[in-house]
Amino acid sequence: MSIDVRVPTVLREHTGGESKVTAQGSTLREVIYDLETRHPGLKERLVDDSGGLHRFINLYVNDEDVRYLGGIETPTEDGDTVSILPAVAGGSS
């Protein structure tokens, strides 16, 4: 099972500059933990101390926001694409 993971510029220091990497896993959690074995330091940017997803990172499986699927337990299948997007905060001027 191979999952493509799109990595934003801000996290590419953990992937040797690569914008797309692959991982294995049948859930998003397994994919993240597999990413950590290949790209150390990436998991701590995605998962908080309680084991949930950080609030300031948005993750999508096949363009679907995992917050509305199963969160970190969202199922993944061979050929899926996981996109990591840093949350953007702003205010009014």
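## Salt bridges and a β-hairpin

Let's start with a charged pair: the side chains of R67 and D65 meet in a salt bridge, with 2.6 Å from N to O. The term salt bridge is used here for a side-chain nitrogen of Lys or Arg within 4 Å of a carboxyl oxygen of Asp or Glu. The two partners sit in contrasting surroundings: R67 is exposed, with a relative accessible area of 55%, while D65 is buried at 11%. Buried stands for under 20% relative accessible area, exposed for over 50%, and partly exposed for values in between (1.4 Å probe, protein chains only).

A word on the basis: this is a predicted model, in which local features need pLDDT of at least 70 and side-chain atom pairs count only at pLDDT 80 or more, while totals for chains, interfaces and linings use all residues. Residues are numbered from 1 along each chain as its sequence is written, and side-chain values use heavy atoms, with hydrogens and water left out.

A search of the whole structure finds 3 salt bridges, listed here.

| Basic residue | Acidic residue | N to O distance |
|---|---|---|
| R67 | D65 | 2.6 Å |
| R38 | D34 | 2.8 Å |
| R29 | E73 | 2.5 Å |

What does the pair R29 and E73 tie together? R29 lies in helix α1 (residues 28-38) and E73 in the loop between β4 and β5, so this salt bridge links parts that are 44 residues apart in sequence. Helices (H or I, at least four residues) and strands (E, at least two) are DSSP runs, numbered from the N terminus. Both R29, at 25% relative accessibility, and E73, at 40%, count as partly exposed. R38 and D34, by contrast, are 4 residues apart in helix α1, about one helical turn. Of these two, R38 is partly exposed at 41%, and D34 is buried at 16%.

Back to D65, which stands opposite Y60 within the pairing of β4 with β3. These strands run antiparallel and are joined by 2 bridges; strands pair if DSSP finds at least two bridges between them. On β3, 4 of the 5 residues are buried. This strand is also joined to β5 (residues 81-86) by 5 bridges, again antiparallel, with V61 partnered by V82.

The loop between β3 (57-61) and β4 (64-65) holds N62 and D63. Neither is glycine, yet phi is positive in both: near 50° for N62 and near 70° for D63. N62 is partly exposed at 39%, whereas D63 is exposed at 63%.
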